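Reader: I should be grateful for a close look at one part of this protein, set in the context of the whole chain. Please take the helical region towards the end of the sequence as the subject.

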Amino acid sequence: MAYQIPASDIVSIIDAPPTPAASLAPGRRFVVLIHYESHPPITLLARPYLALAGLRIDPALGGRQRTRRMTGLSVIALPGGQPRRIELPEDRSVGMPVWAPDGRRFAFTVDEPDGIAVWVADAQAAVAAEVPGLRVRDVLGGDPTSFGSTVRWARDGATLLALGSPAPPEPPSSEPIEPRTEETSGKRTQMATFTDLLGTDADADLFESLATTVPLRVDPEAGTVAKLGDAGLYYYLSESPDGTHLLACRLRRPFSFRVPFPYFSRRVELWTAHGQLERVIADLPVSDEVPRHGVPTGPRMVSWEESVPASLVWTEALDGGDPMAKVEHRDEIFRLQAPFDEAPQPCILVQQRCLGWYDMAAAGQLIVTEHDRDRRWITSRLCDLAAPGDSRVIFDHSADEAYLDPGTPMMTVHPDGTRTVLQDGHQIYLRGQGASPDGDRPFLDRLDLSDLSTQRLWRSPGDAFEQVLGFAGDDRGSVLLWHESRTEPPNLVVARLDGSAATQLTFFPDPHPQLTGMDKRLLSYDRGDGVRLTGWLHLPPGYDPGRDGSLPLLIWAYPLDYGDAATAGQVRGTTERFTRLTASDPIWFVLRGYAVLQGATMPVIGDPETMNDSYVEQITAAAAAHIRAVADLGIADPGRVAVGGHSYGAFMTANLLAHTELFAAGIARSGAYNRSLTPFGFQTERRSFWEAAEVYDRVSPFRYADKISAPLLLIHGERDANSGTFPIQSERLFQAIQGTGGTARLVILPYESHGYVARESVLDMLAEQLGWLERWLAVPSMTSQPAGTEADEDWE
C-alpha cells in the first residue's frame with residue numbers, strides 16, 4: 001500500500017522550516033544558529049547501515065547512521081547583529097559547532113561522499129574553510145548532532161584533538177553465513193532488553209573495523225596533522241587544563257553479545273601531550289552483570305578537574321553498584337594529581353548514588369549531586385576535595401518536585417579553555433523552568449554561596465514564555481533569550497534584565513497562522529481521591545460551546561511515577577508558549593474540529609517498589625476524571641472520546657481499552673504490550689518478572705486482548721531501536737486482537753525507529769491517525785490521498 005498524504009494544510013505545516021537551534025559562544029559575543037530539516041526524505045533512512053554493539057553504523061560514511069540533516073549555519077554578533085549565513089557546499093549535512101576558547105572560532109563536521117570532513121569557521125567574518133585532508137569517525141566519538149568528542153579544541157585553542165579515520169570507509173563485504181550461538185552459565189545479566197547487539201564473531205570483527213580511529217592533533221591554520229597514538233577503539237580524548245597531559249578512553253576486547261558498547265571492556269589511560277602512555281587509570285572488564293538500576297563497579301565519570309592544572313577526579317561504587325545493598329555510603333570520589341605517580345586519594349564519601357558534579361572556579365571545589373533511590377530525593381553539596389568535612393548542602397529536594405526546583409548552575413568557558421560554573425566572587429547563577437500553579441515561568445537567579453541567599457534577577461513575563469540562554473557579552477545586565485507567546489513563534493532577543501530595552505535578533509515567521517486563534521487552557525481537577533490532575537485543553541479557533549455544542553475529545557497522555565500526591569499534582573507546562581505543531585503532536589486534531597486534552601496527567605503514585613500493583617486502577621481513575629471534567633464544561637461528548645499515546649503512553653492506551661469502556665477508539669504508537677518480554681523491569685518498575693509475575697501479567701494488555709472492544713490503531717517503526725519496544729510488540733497485539741474478534745489496524749513504517757522522522761512516514765502517520773478517528777468518532781474531515789495524487793483544497 002502506498003504512503004498516504006493528508007490534506008494540503010497539514011502538508012504545508014510539516015514542510016515549514018523549523019526554528020533553528022542556537023549555540024552561544026564562550027565570551028558570549030556570538031551565537032550560531034543551526035538550521036536543520038525536520039523531516040528528511042525516506043531515502044536518507046533507507047541508506048544501508050549495520051546494527052552493531054547497540055549502534056547503527058553507516059559503513060559508506062564511516063559514522064553513525066544519520067536520521068536528520070542539519071542543513072547550514074548562521075552567525076549573529078551580539079548584542080545587536082543580524083544572522084549571516086556561512087557559505088557551505090550544497091546538499092551536505094553539517095554537525096553541531098564546537099567553540100574554541102577564544103569564542104570566535106568554531107569547528108564542525110561536514111558529511112562528504114568519502115567520509116566526515118572537519119571545517120573551521122570564523123564567527124567575526126562568518127566564513128569557514130575545510131581542514132585539508134582530514135577525515136574523522138564518530139562511531140564511538142559521540143552523537144553527530146551534538147558533536148560528542150570526535151573533535152574538540154585543545155585548551156589553548158591552537159589545535160584540535162580529533163579521532164581520525166584510519167582509511168577511507170570501504171563498502172562492507174557480504175556477511176558470512178554462520179549460526180548464531182550464545183551460551184550462559186552462572187551469569188546474572190538482568191539489564192534492559194537492548195537492541196542492535198553483536199550476534200556473531202563476524203559482527204565483532206566488523207564492529208572493530210568500523211569503530212577504529214587514530215588519535216590526532218590537528219593544526220587547522222598550518223594544515224598539519226600529528227598522530228598521537230596507535231589506532232584503537234577510542235571514544236574520548238581530552239587535554240588537561242595546562243595542556244601537558246591527555247586523557248584517553250577506549251574499548252578493548254573481549255566485547256559482549258549481551259550489552260551495547262558502553263559496557264564493553266574498556267580502558268582509561270593517562271598520556272603525555274604527545275601521546276606516550278603515563279599510567280593506566282582504569283582497566284575495566286565487560287559490565288554485563290550490572291544490578292538492575294545499578295552502576296558498574298570501578299572508576300566511572302573519570303574527568304579532569306577544571307580548576308587545577310593537571311588533576312583527575314572520578315567516582316567509584318562502594319556498594320558493588322547494587323542499589324539494594326545496605327551500606328553507609330554508596331559512592332566515593334577519588335582524586336589523582338600530577339605527577340600521577342602516587343595512589344589515588346579518596347576524598348569524598350557520598351551517601352547516595354553520585355550523579356556527577358560541577359567544577360567551581362576555586363581549585364578543588366565541586367558541586368556534587370547525589371540521588372537517594374529509596375526516597376526519590378536529590379541533594380547537591382558544595383565540596384572541597386582537600387577538606388571533605390567542610391561540605392555544605394546547597395540544594396535538597398524531592399526528585400519529583402517541580403515548584404521548588406532551584407534550577408541548574410550556568411557554566412562558562414574561560415579563555416584558557418577550562419569550563420566551570422559561572423561565578424562572580426561567591427555568587428553563582430541558576431536557570432530554572434519556574435514551575436508554578438499558574439504554569440511555567442522560567443527564571444534567572446543569583447545564589448550567594450556564603451549564606452545561600454537567593455536573588456531573583458529575572459522571571460519570564462506572565463503573558464509570554466522566555467528562556468535565558470546566557471548573558472550577552474560581559475554585561476551582567478543583558479541576556480540572550482528565546483521569546484515566544486501564544487501568537488508569536490520563538491525568536492532570539494537580547495534584553496535588559498530590568499526590562500528597559502530589548503533587541504530582536506531573528507524574525508522567524510508563524511508556520512501555521514490558522515492556529516493563532518486556538519483556545520488553550522490549563523485545567524485542574526481532582527482524580528476522586530485527593531490527587532490533583534492537570535491537562536492542557538486545546539479548542540478550535542472560534543469555538544463556542546453554547547453555539548457549537550459538544551466536540552469529540554482526544555486525550556493524549558504519558559503516565560509518570562511519583563512518590564506522593566502533592567508532587568504528582570503540580571503543574572508542569574504553560575498556556576503561554578507558542579503552539580508549534582510537530583509530527584508527533586496530537587494538536588493536529590484541533591484543525592479537524594476536535595477538542596484535544598494534551599499532557600493529561602496519569603500519575604501512578606506509591607511506594608517505588610510496589611506502585612505498579614495499582615497501575616491499572618490509577619490510570620483508569622485518572623482517565624475517567626479527565627473525561628468527566630471536560631464533559632462537565634459542556635465541551636466534550638462523553639460518547640465520542642478517544643485516547644492515545646506514544647511509547648509508554650501507547651502501553652497506557654492499550655491498557656485503558658482493555659480494562660475500561662470509557663473510549664470509542666485509541667491510537668497507540670511504538671508501545672510495549674507484553675511485559676514478559678521486558679522481564680527485568682520497565683520504566684521505573686524495580687522488580688523482575690519472576691519477583692512480580694502477577695503484576696507483569698496484570699499490566700500487559702496483550703494478556704487482555706480479548707477484552708479490547710474499542711477500535712485500536714497500532715503504529716510502529718519497522719526498526720525500533722528503543723529498549724523494550726520491539727516491533728513484535730505491536731505485531732503480536734494486533735494478531736491477538738485479530739484472533740479474538742476485535743477491531744484494530746496495524747501500520748509498520750519502513751526504516752523508522754522509535755520516533756518517526758522521514759517526511760513520507762510522518763505524513764502517512766498523520767493521515768492514518770486523522771482517518772482512524774474520523775472513521776470511529778464520526779467527525780467530518782478531509783479524505784487522505786495516496787502518495788502521488790492531488791489532495792483536496794483546505795478543509796473548512
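What radius of gyration would a compact globule of 796 residues have, and what does the chain have? With that settled, which residues of helix H7 are buried, and what covers them?

Author: The model is predicted, and the description that follows should be read on that basis. A compact globule of 796 residues would have a radius of gyration near 28 Å; the chain has 27 Å, so the two agree. Along its principal axes, the C-alpha trace spans about 75 × 70 × 55 Å. The secondary structure comprises 10 helices and 50 strands. Of the 796 residues, 56% are buried. When contacts between residues at least 6 apart in sequence are considered, 59% join residues at least 24 apart. The chain exposes about 31800 Å², and carbon and sulfur atoms supply 50% of that area. Its side chains include 72 positive and 105 negative ones, yet the centres of the two sets lie 1 Å apart.

The part requested may be followed in sequence order, beginning with helix H6, which covers residues 615-632. At 1.5 Å a residue, the 18 residues of H6 should span 26 Å, and the end C-alpha atoms are indeed 26 Å apart. Its buried residues are Tyr 615, Val 616, Gln 618, Ile 619, Ala 622, Ala 623, Ala 625, His 626, Ile 627, Ala 629 and Val 630. A general property of helices is useful when reading such a list: an α-helix has 3.6 residues a turn, so residues three or four places apart point the same way. After H6 comes Gly 634, with a positive phi near 80 degrees.

Strand E46 occupies residues 636-646, and Ser 647 lies in the loop between E46 and H7. Ser 647 is not a glycine, yet its phi is positive, at about 65 degrees. With a relative accessible area of 13%, Ser 647 falls under the 20% limit and is therefore buried.

Helix H7 itself runs over residues 648-659. Its 12 residues should span 16 Å at 1.5 Å a residue, and the end C-alpha atoms are 16 Å apart, which agrees. H7 is mostly covered, with 11 of its 12 residues buried. These are Tyr 648, Gly 649, Ala 650, Phe 651, Met 652, Thr 653, Ala 654, Asn 655, Leu 656, Leu 657 and Ala 658. The elements that cover them include three helices, namely H6, H8 (693-698) and H9, together with strands E46, E47 (665-669) and E48.

Between E47 and H8 there is a loop that holds Gln 683. Gln 683 also has a positive phi, near 50 degrees, in a residue other than glycine. Its relative accessible area is 40%, so Gln 683 is partly exposed, whereas Ser 647 is buried.

Helix H9 spans residues 727-739. The expected span of its 13 residues is 18 Å, and the end C-alpha atoms are 18 Å apart, in agreement. Pro 727, Gln 729, Ser 730, Leu 733, Phe 734, Ala 736 and Ile 737 are its buried residues. They pack against helix H7, strand E48 (712-717) and strand E49 (744-749). H9 thus belongs to the cover of H7, and H7 in turn is one of the elements against which the buried residues of H9 pack. H9 is followed by Gly 741, whose phi is positive, near 85 degrees.

Some features elsewhere in the chain complete the context. The peptide bond from Leu 78 to Pro 79 is cis, with omega near 15 degrees; Pro 79 sits in the loop between strands E7 (69-77) and E8 (84-85). Another cis peptide bond joins Ala 338 and Pro 339, with omega about 15 degrees, and Pro 339 is in the loop between strands E23 (331-337) and E24 (345-350). Asp 564 is placed in the loop between strand E43 (560-562) and helix H5 (565-568). It is partly exposed, with a relative accessible area of 31%. Asp 564 and Pro 603 are 39 residues apart in sequence, and their C-alpha atoms are 9.7 Å apart.

How values were computed. Residues numbered from 1 in each chain as written. Heavy atoms only, no water. Helix = DSSP H or I, 4+ residues; strand = E, 2+ residues; numbered from the N terminus. Expected span 1.5 Å × (residues − 1). Buried < 20%, exposed > 50% of the residue type's maximum accessible area, 1.4 Å probe, protein only. Contact = heavy atoms within 4.5 Å. Rg over C-alpha atoms; globule rule 2.2 N^0.38 Å. Areas by Shrake-Rupley, 256 points an atom, 1.4 Å probe, with all protein chains shown as cover. Lys, Arg positive; Asp, Glu negative; His and termini not counted. Charge placed at Lys NZ, Arg CZ, Asp CG, Glu CD.
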